[in-house]
Amino acid sequence: GADGTLDKDGNNIAVTAGTYKIIFNTSALTYTIEAYAWGLVGDATTNSWDGPDMPLAYDSFSNTWKAIVTLVDGKIKFRFNNSWDLNYGDDGVDGTLEGGGADIVVTAGNYLVTLDLVNLEYKLEPIAIWGLVGDAAPNGWDGPNERFTLDFEKEGVWVLYGVTLTDGEIKFRTNDSWDYNLGDDGTDGSLEPGGANIPVTAGTYDIVLDFSDATAPTYTITAS
């Protein structure tokens, strides 16, 4: 009946693309599907004040919302569902959020953004973003990099899922720059600064960079 009541072997439930909070009640056999997304808006973001917002991802491990973003000089705010009905700023420039509060001034750079809605706090931490480059990568040796993202449940681990490579070679570098890059001198899964190019064959892969041991970083490349 598409009425929020669940029926054994009932009809498929139609949805439209988006980010949702879904509650499935096994006692009452009911469910709710509510549009639910937090994002960054402002002239420091990709789409300025009109949006759509730069999306934050819910991290169930820490019960916070996070994203790795590139910002320009300007201002940002946090808002819900790409709407001004619920938004947060920072009146005291102290990391504490207030409903409808003042715009947050930022300088250009790459950041790990954390939104804590339990304590109404936020963090903007400068971060070097790891990426994939090479003649086997989608954008060649000139880039821009195919960006990794942090695995928030595993400290020091960066992941890139479902990247399509051609026959060729790759390396890993930060912030689309050759200032710091990693290769593999022994083709043994260990990474060395400025190390040798890594040969790959054409396919679609999941790639993991593991810096949990900062003195001995490693990587894995597995077929998706």
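User: What makes the lining of the largest cavity come out as one nonpolar, three polar and two charged residues?

Analyst: It goes by residue type: Ala, Val, Leu, Ile, Met, Phe, Trp, Tyr, Cys and Pro are nonpolar, Asp, Glu, Lys and Arg are charged, and the others, Gly among them, are polar. The lining is Asn110, Ile129, Asn145, Arg147, Asn175 and Asp176. So Ile129 is the nonpolar one, Asn110, Asn145 and Asn175 are polar, and Arg147 and Asp176 are charged. Bear in mind that this is a predicted model, where local features need pLDDT of at least 70 and side-chain atom pairs pLDDT 80 or more, while totals for chains, interfaces and linings use all residues. Residues are numbered from 1 along each chain as its sequence is written, and side-chain values use heavy atoms, with hydrogens and water left out.

User: Why is that space called a cavity, and what is its volume?

Analyst: On a 1 Å grid over the protein atoms alone, a cavity is a set of points where a 1.4 Å probe fits but cannot get out, and a lining residue has an atom within 4 Å of a point. Points are joined across faces, edges and corners, and the volume is the space filled by probe spheres set on them. The largest cavity comes to about 40 Å³, and the structure holds one cavity of 30 Å³ or more.

User: What makes Glu34 and Lys21 a salt bridge?

Analyst: The rule asks for a side-chain nitrogen of Lys or Arg within 4 Å of a carboxyl oxygen of Asp or Glu. For Glu34 and Lys21 the N to O distance is 3.9 Å, so the pair passes the 4 Å limit. The two sit 13 residues apart, Glu34 in strand 2 (residues 30-35) and Lys21 in strand 1 (residues 20-25). By the salt-bridge rule the structure has four such pairs.

User: How do you know whether the residues in these salt bridges are buried or exposed?

Analyst: Buried is under 20% relative accessible area, exposed is over 50%, and partly exposed is in between (1.4 Å probe, protein chains only). Asp9 and Lys8 form a salt bridge at 3.2 Å, N to O. Asp9 has 70% and Lys8 has 76%, so both are exposed. Glu34 at 36% and Lys21 at 34% fall in between, so they are partly exposed. Lys66 and Asp59 meet at 3.5 Å, N to O. Lys66 has 14% and Asp59 has 4%, so that pair is buried.

User: What makes strand 6 largely enclosed?

Analyst: Seven of the eight residues of strand 6 (residues 64-71) are buried, so the rest of the structure largely encloses this strand. For the whole chain of 224 residues, 38% are buried.

User: How do you know which strands pair with strand 6?

Analyst: Strands are DSSP runs of E of at least two residues, helices are runs of H or I of at least four, and both are numbered from the N terminus. Two strands pair if DSSP finds at least two bridges between them. Strand 5 (residues 57-59) shares three bridges with strand 6, antiparallel, and strand 11 (residues 109-116) shares seven, also antiparallel. Both counts reach the minimum of two, so both strands pair with strand 6. Asp59 stands opposite Thr64, while Ile68 has Leu112 in strand 11 as its bridge partner. The hairpin of strands 5 and 6 has four residues between the strands, and Asn63 there takes a positive phi near 55°.

User: What makes strand 15 and strand 22 edge strands?

Analyst: The open sheet has four strands in the order 15-16-21-22, with antiparallel pairing. Strand 15 (149-150) and strand 22 (218-223) each pair on one side only, which puts them at the edges. Strand 22 pairs with strand 21 (residues 203-210) over six antiparallel bridges, and Val208 has Thr220 as its bridge partner.

User: Why is Phe24 called exposed, and what is Phe24 in contact with?

Analyst: Phe24 lies in strand 1. Its relative accessibility is 57%, so Phe24 is on the exposed side of the cut-off. A contact means heavy atoms within 4.5 Å; leaving aside neighbours within four places in sequence, Phe24 touches Leu6 and Thr30.

Conventions
On a 1 Å grid over the protein atoms alone, a cavity is a set of points where a 1.4 Å probe fits but cannot get out, and a pocket is an open set with protein on both sides within 12 Å along at least five of seven lines; lining residues have an atom within 4 Å of a point.
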